[in-house]
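Visitor: Please show me the fold. I would like to work from the sheet inwards.

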Amino acid sequence: MPTSLCGTWDMISNVNFEGYMSALGISVSLRKIALRLKLRKVIEQQGDQYIIKTLSTFKNYTISFKIGQEFEEFTKGLDNRHMKSTATWQGNKLLCEQTGEKKNRSWIHWVEGDKLHLELYCEGEVCKQVYRKNVNE
């Protein structure tokens, strides 16, 4: 059984977020705003359904999916793209492959100790984010 990703997680590091956003085609002005944000992730599991919320003072984004089932994703308010996504477990890592306008786009979540790791991939750019579990949960 994979490690549970469920919980509330607060960002503690964000490496190459600008490069990743640039690969997505996000405007310079939006990138400047996004780089100042401290993101919070809320990950829930309801039966075989996963819900991942990315929260900030600027914009919020929520996806909901079942492992192994392709789903339609629209990144409204982020890079505003439609794509088909599929999440699968690879050992203790939750991998989501995203097919659409951008090549080699995906993300991976995994937990080590009290930290949630997230790597975001797009057209050769890699953003590495680390979150710490919120103890006030």
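Guide: Two strands pair if DSSP finds at least two bridges between them. Strands (E, at least two residues) and helices (H or I, at least four) are DSSP runs, numbered from the N terminus. This is a predicted model: local features need pLDDT of at least 70, side-chain atom pairs count only at pLDDT 80 or more, and totals for chains, interfaces and linings use all residues. Residues are numbered from 1 along each chain as its sequence is written, and side-chain values use heavy atoms, leaving out hydrogens and water.

Visitor: In what order do the 10 strands of the open sheet lie?

Guide: The sheet is open and its pairing is antiparallel. Its 10 strands run in the order E4-E3-E2-E1-E10-E9-E8-E7-E6-E5.

Visitor: Which strands stand at the edges?

Guide: An edge strand here has a single partner strand, so one side of it is left without a neighbour in the sheet. Two strands are placed that way. They are E4 and E5 (71–74).

Visitor: Which residue in E10 stands opposite tryptophan 9?

Guide: E1 and E10 pair in the antiparallel sense. They do so over 6 bridges. Opposite tryptophan 9, E10 places lysine 133.

Visitor: How many bridges link E9 and E10?

Guide: The two strands form a hairpin with 2 residues between them. Tyrosine 121 has valine 126 of E10 as its bridge partner, and histidine 117 has valine 130 of E10. The antiparallel pairing of E9 and E10 covers 8 bridges.

Visitor: What is the phi of glutamate 123?

Guide: Glutamate 123 sits in the loop between E9 and E10. At 39% relative accessibility it counts as partly exposed (buried is under 20% relative accessible area, exposed over 50%, partly exposed in between; 1.4 Å probe, protein chains only). It is not a glycine, yet its phi is positive, about 45 degrees.

Visitor: Which residue in the turn between E8 and E9 has a positive phi?

Guide: E8 and E9 also make a hairpin, with 2 residues between them. The strands run antiparallel and 7 bridges join them. In the turn, a phi of about 60 degrees belongs to glycine 113.

Visitor: Which residue in E9 is the bridge partner of tryptophan 107?

Guide: E9 is largely enclosed by the rest of the structure, because 6 of its 8 residues are buried. Its bridge partner for tryptophan 107 is leucine 120.

Visitor: Which residue in E8 is the bridge partner of glutamate 97?

Guide: Strand E7 (93–99) pairs with E8 in the antiparallel sense. The pairing has 5 bridges. In E8, glutamate 97 is matched by serine 106.

Visitor: Is histidine 109 buried or exposed?

Guide: Histidine 109 lies in strand E8 (105–112). Not counting residues up to four places away in sequence, it touches Leu5, Lys41, Ile43, Ile52, Asn92, Lys93, Leu94, Leu116, His117 and Leu118 (contact means heavy atoms within 4.5 Å). With a relative accessibility of 2%, histidine 109 counts as buried.

Visitor: Where is asparagine 16 found?

Guide: Asparagine 16 is a residue other than glycine with a positive phi, near 65 degrees. Its relative accessible area is 32%, so it is partly exposed. Its place is the loop between E1 and H1.

Visitor: Which residues of H1 are buried?

Guide: H1 is mostly covered, with 6 of its 8 residues buried. Just after it comes glycine 25, with a positive phi near 85 degrees. The buried residues of H1 are Phe17, Gly19, Tyr20, Met21, Ala23 and Leu24.

Visitor: How much space lies in the largest cavity?

Guide: A cavity is a set of points on a 1 Å grid over the protein atoms alone, where a 1.4 Å probe fits but cannot get out; lining residues have an atom within 4 Å of a point. The structure holds 1 cavity of 30 Å³ or more. The space in the largest cavity is about 590 Å³.

Visitor: Which residues of its lining are closest to the centre of the largest cavity?

Guide: The lining of the largest cavity counts 32 residues. Those closest to its centre are Phe17, Leu39, Thr54, Tyr61 and Leu78.

Visitor: Which element gives the most to the lining of the largest cavity?

Guide: H1 (17–24), H2 (28–35), E3 (49–55), E4 (61–66), E8, E9 (115–122) and E10 (125–133) each supply at least two residues of this lining. The most, 4 residues, comes from H1.

Notes: On a 1 Å grid over the protein atoms alone, a cavity is a set of points where a 1.4 Å probe fits but cannot get out, and a pocket is an open set with protein on both sides within 12 Å along at least five of seven lines; lining residues have an atom within 4 Å of a point. Grid points are joined across faces, edges and corners, and a volume is the space filled by probe spheres set on the points.
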